[in-house]
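Thanks for coming. I have one model to walk through today, going from single residues to elements and then to the whole chain. Please look at the structure while I talk.

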Amino acid sequence: MTLKNLTVLSDYKLGHLKLRNRVVLAPMTRASADSDGRPTERMARYYASFAAGDFAMLITESVYMDDKLSKGSINMPGMTNESHIQGWKRLIDAVHAKGAHIIVQLAHAGALSQWYRDQDVTVAPSSYKPEGERVLAYGQGGEYPAATELTTKEIQELVSDFAKAASNAQKAGADGIEIHVGKGFLHDQFLTEYTNSRKDQYGGSLENRLRFIVETVQAVKKSTEEGFVVGVEISQYKMNNFGFKWPNREADAKIIFESIANAGADYIHVTDYVAKDPAFGEIGGPTLAALAKAYGKIPVIVNGSIVTKEDAEQVLQEGGDMISIARTALANHDWPIKVREGSPLNPFTGEMLADGPTIKDYEMLNASELPQIKPE
Ligand SMILES: Cc1cc2nc3c(=O)[nH]c(=O)nc-3n(C[C@H](O)[C@H](O)[C@H](O)COP(=O)(O)O)c2cc1C
């Protein structure tokens, strides 16, 4: 392997975005929006603290994209109306004021929804009852209900709702959006054979099972202006099936990454439990990031148990262009600064989320550091 001459602290150009380093905040649900899905001042001060800590780009927590069944957890933010746009604008301006770029993650959990408004209803490519249990802190807890099969027309409406939400994100001033395809969410339910037994053009062959992903990327690109970044986050593992691997391994990876890139995505964000481990388990085999780079041939963000600078450098050598961190970022809102100065990192401990995912007071910048932020 020839070593690339780069470091995680070197700058990077993602489309027209100039990133001051290659460190990205991974998406993390924090259940801190108001009950109508409007982002709060608390969220603005939380995200701005990572920007002040020198992160180059922040990917937001999952954001719901329609007013039907995509609100998948309690106090999740939305991107479907003018009040949402105004709430996001305040947050995005605060992040930009501290020098970071921001990408809004648009998500639909489908059958893995954790929360419901009036009745316990979820939708999916086919009717099935997911294994595992819902997380109490995100909603009701308990077993997942059996999902209702989407009609072909409903799938096409979802595609245009993703496009509308992306255009709303652009109106709010975001630098881009990311489609949450992995971790067992709705798009992944289409991709996966055991959750998709459809007989129409969205089921059957891998090409058909990829169609919902491809159409979503294409519609989002069409609804947003040139230069607005459109990313896709993907994993093999699912929230309720951590050991899952694509059945035809590298042959599937090739078709999946090529299809995402050909649909017009600007980056692929790959998540594995441990990013530097081989994607399919065998010693010496390629990482998911290496496969994304080899077949997608577009910028790659790598995620999964990256803690130290050495972890970050290793995944960059193996195909990544940027890294994203979640748990270690919660413990170190200034990870890039600490790494640059060689200061010790705080370890992430489960206690940080023990009383639920909501944003803690110590995680926010003081309002005085963000004079442009108006309280609620
Ligand atoms: C509190 C918390 C909330 C999360 N919420 C999301 C989310 O909204 N969307 C998403 O794609 N991943 C979510 N994740 C997964 C992370 O983005 C990431 O993939 C995972 O934590 C592995 O990265 P890490 O090893 O750096 O923590 C969440 C993780 C944590 C710890």
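I start with Met239, which counts as partly exposed because its relative accessibility is 31%. Keep in mind throughout that this is a predicted model. Met239 sits in the loop that runs between β11 and α7. What does Met239 touch, if residues up to four places away in sequence are not counted? The list is Leu112, Gln114, Tyr144, Lys183, Gly184 and Phe185. For Lys183 there is also a C-alpha distance: 5.2 Å from Met239, with the two positions 56 residues apart along the chain.

The loop with Met239 leads to α7, so that is the next stop, beginning with Arg249. Arg249 belongs to helix α7. Arg249 is not a glycine, yet has a positive phi of about 40 degrees. Is Arg249 buried or exposed, or something in between? Its relative accessible area is 35%, so Arg249 is partly exposed.

Now the helix itself. α7 covers residues 249-262, 14 residues in total, and from first C-alpha to last it reaches 20 Å, close to the expected 20 Å. Its buried residues are Asp252, Ala253, Ile256, Phe257, Ser259, Ile260 and Ala261. Which elements cover them? The cover includes four helices by name, α4 (186-191), α5 (206-209), α6 (211-223) and α8 (288-296), and the strands β11 (229-235) and β12 (267-271). Just after α7 comes Gly264, with a positive phi of about 115 degrees.

One of the elements covering α7 is α6, and I picked one residue from there. Glu215 lies in helix α6. With a relative accessible area of 24%, Glu215 is partly exposed; the cut-off for buried is under 20%. Leaving out residues up to four places away in sequence, Glu215 touches Val159 and Tyr202. Between the C-alpha atoms of Glu215 and Ala163 there are 10.0 Å, and the two residues are 52 apart along the chain.

Next, a second helix, α2. It runs over residues 82-97, which makes 16 residues, and its end-to-end C-alpha reach of 22 Å is close to the 22 Å expected. Which residues of α2 are buried? They are His84, Ile85, Gly87, Trp88, Arg90, Leu91, Ile92, Ala94 and Val95. The elements covering these residues include α1, β4, β5 (101-107) and α3 (152-171).

Two of those elements, α1 and β4, bring us to Asp54. Asp54 is found in the loop between α1 (41-52) and β4 (57-64). Like Arg249, Asp54 has a positive phi without being a glycine; here the value is about 85 degrees. In accessibility, Asp54 stands at 14% and therefore counts as buried.

The last single residue is Ile325, in strand β14 (residues 322-325). Its relative accessible area is 2%, so Ile325 is buried. What is Ile325 in contact with, leaving aside neighbours within four places in sequence? The contacts are Val23, Val24, Leu25, Ala26, Phe55, Asn303, Ile306 and Trp335. Of these, Ile306 is 19 residues from Ile325 in sequence, and their C-alpha atoms are 6.4 Å apart.

That leaves the chain as a whole. Its secondary structure comes to 11 helices and 14 strands. Along the principal axes, the C-alpha trace spans about 55 × 55 × 40 Å. Why call the radius of gyration consistent with a compact globule? For 376 residues a compact globule would come out near 21 Å, and this chain has 19 Å, which agrees.

Of the 376 residues, 59% count as buried. As for contacts, among those with a separation of 6 or more, 71% are between residues 24 or more positions apart. The accessible surface comes to about 15000 Å², and 51% of it belongs to carbon and sulfur atoms. Finally, the charges: there are 40 positive and 49 negative, and their mean positions are 3 Å apart.

How values were computed. Residues are numbered from 1 along each chain as its sequence is written. This is a predicted model: local features need pLDDT of at least 70, side-chain atom pairs count only at pLDDT 80 or more; totals for chains, interfaces and linings use all residues. Side-chain values use heavy atoms; hydrogens and water are left out. Helices (H or I, at least four residues) and strands (E, at least two) are DSSP runs, numbered from the N terminus. The expected span of a helix is 1.5 Å times one less than its number of residues. Buried means under 20% relative accessible area, exposed over 50%, partly exposed in between (1.4 Å probe, protein chains only). Contact means heavy atoms within 4.5 Å. The radius of gyration is taken over C-alpha atoms; the globule rule is 2.2 Å times the number of residues to the power 0.38. Accessible areas come from the Shrake-Rupley method with a 1.4 Å probe; for residues, only the protein chains shown count as cover. Lys and Arg count as positive and Asp and Glu as negative; His and the chain ends are not counted. The place of a charge is taken as NZ of Lys, CZ of Arg, CG of Asp or CD of Glu.
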